[in-house]
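User: I should like to learn how to read burial, strand pairing and backbone geometry from a set of coordinates. Could we work through an example together?

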Amino acid sequence: MVTRTIEPVSDGLAQRIGVIGAGYVGLVTGVCLASMGHNVTLRDIDAAKVTALNDGDVPIYEHGLTELVKANDDRLTFTLSMDHLVERSELIFIAVDTPPTYSGDADLSRVRAVITEFAKAGGGEGQVLIMKSTVPVGTGERIRAELRARGLGLVGYCSNPEFLREGTAIGDFLRPDRVVIGQFEPRHGDRIEALYRPLGAPVVRTSVASAEMIKYASNAFLATKISFINEIANVCEEVGADVDVVARGMGLDPRIGPSFLRAGIGFGGSCFPKDVAALKQLAGDSGYHFQLLTSVIEVNELQKRRVIGKLKKHLGDLEGKRVALLGLAFKPGTDDIREASSLVLAARLLAEGAVVRAFDPVISDGVGERLRGVDMCATAEAAMADADAAVLVTEWDSLVGLDWPALRSTMRKAVLIDGRNALDSEAMIGAGYTFEGIGRASVRSRAVTELSDTQDRR
Ligand code: UGA
């Protein structure tokens, strides 16, 4: 992607922007817009978060965000008060979360609460609500009806889905590959397009319903690519092919493209699992059975569990076996463990009676209930000491770059499963590991070597 410097707009062009919800999406959106020269008021209902932000502490781990908050603090206001936000803003982004309900539908209660509060706070003509949260197709239409019913028919409404990835969210915002704007009235879409113009990205102007669908369809397609390559990987293991080479050979075809073809132990995070389930549900609710997505979800669930089979192949019964999980976050560059493969893996291992020790470079505590029974270690070395097996779950650079040959001798048995195909398989085998990646059958698995205390362990 081309790197460009974005000149802040002059004072005369600075907009008064509100952002409701200071989570990943809201914070990044607000802070990036402030860095472009706009005056931004961010509102959250979490008092501790607002206090922290006012003190210059960013409560989430997102590369570059703390620095950007600091550099733009004169254009950023953090508040608990919706009245304050409504008073100070003309373009108001909604970035509250829409978690899945038990039925798989998106939970829109927070979005509804925002509309009620906006009305109570005296929001009205001249203001435009811009939906950043991922909401089911048809939500915009319903919100418009609700605004009308409250006598707020002159409030603008647009859908402006986000395509930010955790870990690279600032770059994704400031150098987007596209900006999607769904509008009921062109004059409202025009105001949003003007906001993004300095970024120079292609703009897709469309209806609100199509914009809402673009978000779901994009995430569902990317998730489909991952499940597809994971199934190819599983077949590769059976037939003696190497999925990394297969993915490269496929990805050079521009119709396929190289991205999102990394085989591994499944996708996680706060977006893909939720959005794929919500799109499947949305289709089902409107009478269409989205068969492909059912498989995408099932393949992903099974993929997380395949590691257990690999461990059993080398260690037999896992009762009492010590397994080190390296990396817990759903991907590198984030402290997010929502729907992470590590959670399923840890729970399955504990259910098999294994002793699970874990390390993640940015997650040390606060995981509480979600990793109950897992022994959190301060270093990767501590997690691996005396272990029967280690699983690379998240491909953090600092984990990939560990001194693997030296670590081998600290383990009881040297089974190493690379759940992200991030390690050099030949080097690991050379170092004496019984090594398995995902879909890399060309790699010989060696018999487990019992390391005697006297010979190999220091
Ligand atoms: C994803 C999308 O990439 C963003 O465009 C979107 O805005 C965001 O969801 C959202 O809806 O808010 P994110 O969840 O941050 O972003 O993470 P990704 O980098 O897309 O990774 C998702 C998962 O897929 C991770 O667990 C990752 O390890 C896995 N993955 C990704 C693979 O297993 N293989 C791949 O080739 C790529």
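Analyst: Let us begin with a term that the first case requires: a residue is called buried when its relative accessible area is under 20%, exposed when it is over 50%, and partly exposed in between. Please keep in mind that this is a predicted model.

User: Which residues of β7 lie on one side and which on the other, and are they buried or exposed?

Analyst: The general idea is that side chains in a regular strand alternate between the two faces of the sheet. In β7, V179, I181 and Q183 form one side, while V180 and G182 form the other, and all of these are buried, with both faces covered. Strand β7 spans residues 179-183, and five of its five residues are buried.

User: What are the partners of β7, and in what sense does each pair?

Analyst: Strands of a sheet pair through backbone hydrogen bonds, in either a parallel or an antiparallel sense. Strand β6 (residues 156-159) pairs with β7 in the antiparallel sense over two bridges; here C158 has Q183 as its bridge partner. Strand β8 (residues 203-207) pairs with β7 in the parallel sense over five bridges, and I181 has R205 of β8 as its bridge partner.

User: How should I read a sheet with several strands, and what is the strand order in the open sheet?

Analyst: One follows the pairing from strand to strand. Six strands form an open sheet with parallel pairing, in the order β11-β10-β9-β12-β13-β14. The edge positions belong to β11 (375-376) and β14 (434-436); each has a single partner strand, so one side of each lacks a neighbour in the sheet.

User: Why is β9 described as largely enclosed?

Analyst: Strand β9 (residues 322-326) has four of its five residues buried, so the rest of the structure largely encloses it. Its pairing with strand β10 (residues 355-359) is parallel and is made by five bridges. Within that pairing, L325 has A358 of β10 as its bridge partner. On the way to the edge, β10 pairs with β11 in the parallel sense over two bridges, and R357 stands opposite D375 in β11.

User: What does a single residue in a strand look like when I examine its burial and contacts, for instance L42?

Analyst: One reads its accessibility together with its contacts beyond the sequence neighbours. L42 belongs to strand β2 (residues 39-43) and is buried, at a relative accessible area of 1%. Residues touched by L42, apart from those up to four places away in sequence, include V19, G21, L76 and F78. V19 is 23 residues from L42 along the chain, yet their C-alpha atoms are separated by 4.7 Å.

User: Are the charged residues K274 and R306 buried or partly exposed?

Analyst: K274 in helix α11 (residues 272-285) is buried, with a relative accessible area of 16%. Neighbours within four places aside, K274 is in contact with T98, P99, P100 and T134. R306 in helix α12 (residues 291-315) is partly exposed, at 31%. With the same kind of neighbours left aside, R306 is in contact with N234 and E237.

User: Which residues have a positive phi although they are not glycine?

Analyst: Most residues other than glycine have a negative phi. Two cases deserve attention here. D386 has a positive phi of about 65° and is found in the loop between α14 (380-384) and β12 (389-392). N421 has a positive phi of about 45° and is found in the loop between β13 (415-418) and α17 (425-430). D386 is partly exposed, with a relative accessible area of 26%, whereas N421 counts as buried at 12%.

User: How do I judge the chain as a whole, and why is it called as compact as a globular protein of that length?

Analyst: One compares overall values with a rule for chain length. The protein chain has 17 helices and 14 strands. Its radius of gyration is 24 Å, close to the 23 Å that the globule rule gives for 458 residues, so the chain is as compact as a globular protein of that length. Buried residues make up 53% of the 458 residues. Of the contacts with a separation of 6 or more, 73% join residues 24 or more positions apart.

How values were computed. Residues numbered from 1 in each chain as written. Predicted model: local features only at pLDDT ≥ 70, side-chain atom pairs only at ≥ 80, totals over all residues. Heavy atoms only, no water. Rg over C-alpha atoms; globule rule 2.2 N^0.38 Å. Buried < 20%, exposed > 50% of the residue type's maximum accessible area, 1.4 Å probe, protein only. Contact = heavy atoms within 4.5 Å. Pairing = 2+ DSSP bridges.
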